[in-house]
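Thank you for asking me to look over this entry. Please have the sequence and the coordinates open side by side while you read the comments.

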Amino acid sequence: MTQEKVAILMSTYNGEKYLTEQIESIQKQTNNNWHLYIRDDGSTDKTPIILSDFAKDDKRITFFNREHICNLGVVKSFMDLLANIDADLYMFSDQDDVWKKDKIQRALTLIKKEKYLEIPICLHTELQIVNDNLETIELMKRGRVWSDFQHFLFGNCVTGCTVMINQKLKEKLRINSVNWDKVAMHDWWFAEIAAAFGKVIYDSTPTILYRQHIDNVVGGSDSQAPQQLIRRFFNLSGELDGFLLITKMASEFQRLYNGEITGKNAKYVKTYANLSKDSSFTNNLKLALKLPPVRSHLRGQLLLDYLMIRYPSKFLYTK
């Protein structure tokens with residue numbers, strides 16, 4: 001492969017306020033070998049007009065669903081793009097950030113150091129959190145990342161707008177076979193599959209100005225900060241919903257990839273996928289002692305242990 005074809009996939013929804021600045025930051029990239037495909041997810045503002053204008057003026061930009069705009073939700077919207085676009089490498093863009101000029105080239109350089117033609121790879125980077133006016137606030141991750149499958153089974157550290165994935169990972173995702181209603185976010189699923197069958201790579205250099213504002217679907221607050229932990233303990237219903245979704249993701253992984261992983265990884269998947277029918281106080285207490293959730297902080301693990309033991313009936317559901 002002499003010149004890699006990079007597809008940038010963007011999903012928009014009522015993004016008129018910052019959309020132009022985001023697309024212009026992509027147009028200003030030092031690497032010009034890319035094509036931007038944008039799917040609108042049912043905007044009611046001027047977003048479709050902005051997209052049509054950009055697509056008309058720049059042949060590197062395609063308004064993917066201009067003739068059939070409808071709402072699928074953020075995960076399915078991105079997956080509709082990924083399933084229907086062919087490239088060598090894929091990147092993902094939000095509608096309200098600003099890309100640093102070397103974002104594409106830096107990702108290309110790093111991923112090409114790996115066996116990217118042979119194994120599934122998910123590359124993600126640090127983010128510079130900024131306010132509405134692009135004034136610096138802080139770095140989001142600050143090294144709080146992981147790359148192993150067991151950690152990704154219970155939590156995500158990958159942010160989609162920083163991601164580059166290769167064709168091998170796209171193939172391994174089995175996009176058209178996944179029940180996306182059981183997947184929390186597409187970036188989490190990318191990382192989980194890459195960690196199971198290939199490699200997750202973290203670049204500690206921020207490549208994006210990530211706007212933190214009131215309209216963000218997913219924010220950048222530190223979930224392990226003391227004040228956030230206090231809020232989490234006082235919002236156990238939300239934590240239970242999150243844990244339940246983790247078990248649903250495990251069941252979806254088990255359905256799609258049963259027999260393709262071995263050892264402790266396979267044991268973890270099978271055990272937590274089966275909580276939907278096996279959950280009980282006794283069973284969950286044994287799990288907490290012998291096969292506990294794997295989190296980057298002990299506090300997070302203890303919280304999941306507590307939820308599993310305290311509310312065993314909440315995990316019983318019909319698949």
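The numbered points below go through charge pairs, surface patches, backbone angles and some buried positions.

1. Before anything else, please keep in mind that this is a predicted model, and that every distance, angle and accessibility in this note is computed from that model.

2. I would begin with Arg-39, which is placed in strand S2, the run covering residues 34-40. Is Arg-39 buried or exposed? With a relative accessible area of 1%, Arg-39 falls under the 20% limit and is therefore counted as buried.

3. The side chain of Arg-39 has partners of its own, and it is worth displaying them together. One of them is Asp-41, whose side chain forms a salt bridge with that of Arg-39 at 2.9 Å from N to O, and both of these residues are buried. In addition, a polar contact of 3.0 Å links the side chain of Arg-39 to the side chain of Ser-77.

4. How many salt bridges does the structure hold? The count is 15, and the pair of Asp-41 and Arg-39 is one of them. As general background, side chains of opposite charge can pair when their charged atoms come close. Two further examples, described in the next two points, may be compared with the buried pair.

5. Glu-67 and Arg-66 join their side chains in a salt bridge with an N to O distance of 3.8 Å. Glu-67 is counted as exposed because its relative accessibility is 69%, while Arg-66, with a relative accessible area of 45%, is partly exposed.

6. Another salt bridge brings together the side chains of Arg-142 and Glu-138, at 3.2 Å from N to O. Glu-138 has a relative accessible area of 33% and so is partly exposed, and Arg-142, at 39%, is also described as partly exposed. Turning from single pairs to linked ones, Arg-39, Asp-41 and Asp-80 are connected into one network by salt bridges that share partners.

7. Arg-142 deserves a second look for its backbone. Where is Arg-142 placed? It sits in the loop that runs between strand S8 (136-139) and helix H5 (149-154), and its phi is positive, at about 50 degrees, although the residue is not a glycine. For context, most residues other than glycine have a negative phi.

8. A comparable entry for the backbone list is Arg-174, a residue other than glycine whose phi is positive and near 50 degrees. Arg-174 belongs to the loop between helix H6 (167-173) and helix H7 (186-197), and it counts as partly exposed because its relative accessibility is 28%.

9. On the surface, which residues form a positive patch? Lys-264, Lys-267, Lys-286 and Lys-290 do so, and the elements that contribute two or more residues to this patch are helix H10 (263-273) and helix H12 (281-290). Among the four lysines, Lys-267 lies in helix H10, and with a relative accessible area of 53% it passes the 50% limit and so is counted as exposed.

10. A nonpolar surface patch should be inspected as well, made by Phe-281, Leu-285 and Leu-289 and covering about 320 Å². Phe-281 is part of helix H12, the helix already mentioned for its share in the positive patch. The relative accessibility of Phe-281 is 49%, so this residue counts as partly exposed.

11. My last point concerns helix H7, where two residues can be located with ease. His-186 lies in this helix and is counted as buried because its relative accessibility is 3%; its C-alpha atom is separated by 11 Å from that of Cys-161, a residue 25 positions away along the chain. Phe-190 has its place in helix H7 too, and at 0% relative accessibility it is therefore counted as buried. Between the C-alpha atoms of Phe-190 and His-151, which are 39 residues apart along the chain, the separation is 14 Å.

Notes. Residues are numbered from 1 along each chain as its sequence is written. This is a predicted model: local features need pLDDT of at least 70, side-chain atom pairs count only at pLDDT 80 or more; totals for chains, interfaces and linings use all residues. Side-chain values use heavy atoms; hydrogens and water are left out. Patches are made of residues with over 30% relative accessible area and no salt bridge: like charges are joined within 9 Å, nonpolar side chains (Val, Leu, Ile, Met, Phe, Trp, Tyr) within 5 Å. Accessible areas come from the Shrake-Rupley method with a 1.4 Å probe; for residues, only the protein chains shown count as cover. A salt bridge is a side-chain nitrogen of Lys or Arg within 4 Å of a carboxyl oxygen of Asp or Glu. Lys and Arg count as positive and Asp and Glu as negative; His and the chain ends are not counted. The place of a charge is taken as NZ of Lys, CZ of Arg, CG of Asp or CD of Glu. Buried means under 20% relative accessible area, exposed over 50%, partly exposed in between (1.4 Å probe, protein chains only). A polar contact is a pair of N or O atoms within 3.5 Å; within protein, one must be able to donate a hydrogen and the other to accept it, and residues adjacent in sequence count only if both atoms are side-chain atoms.
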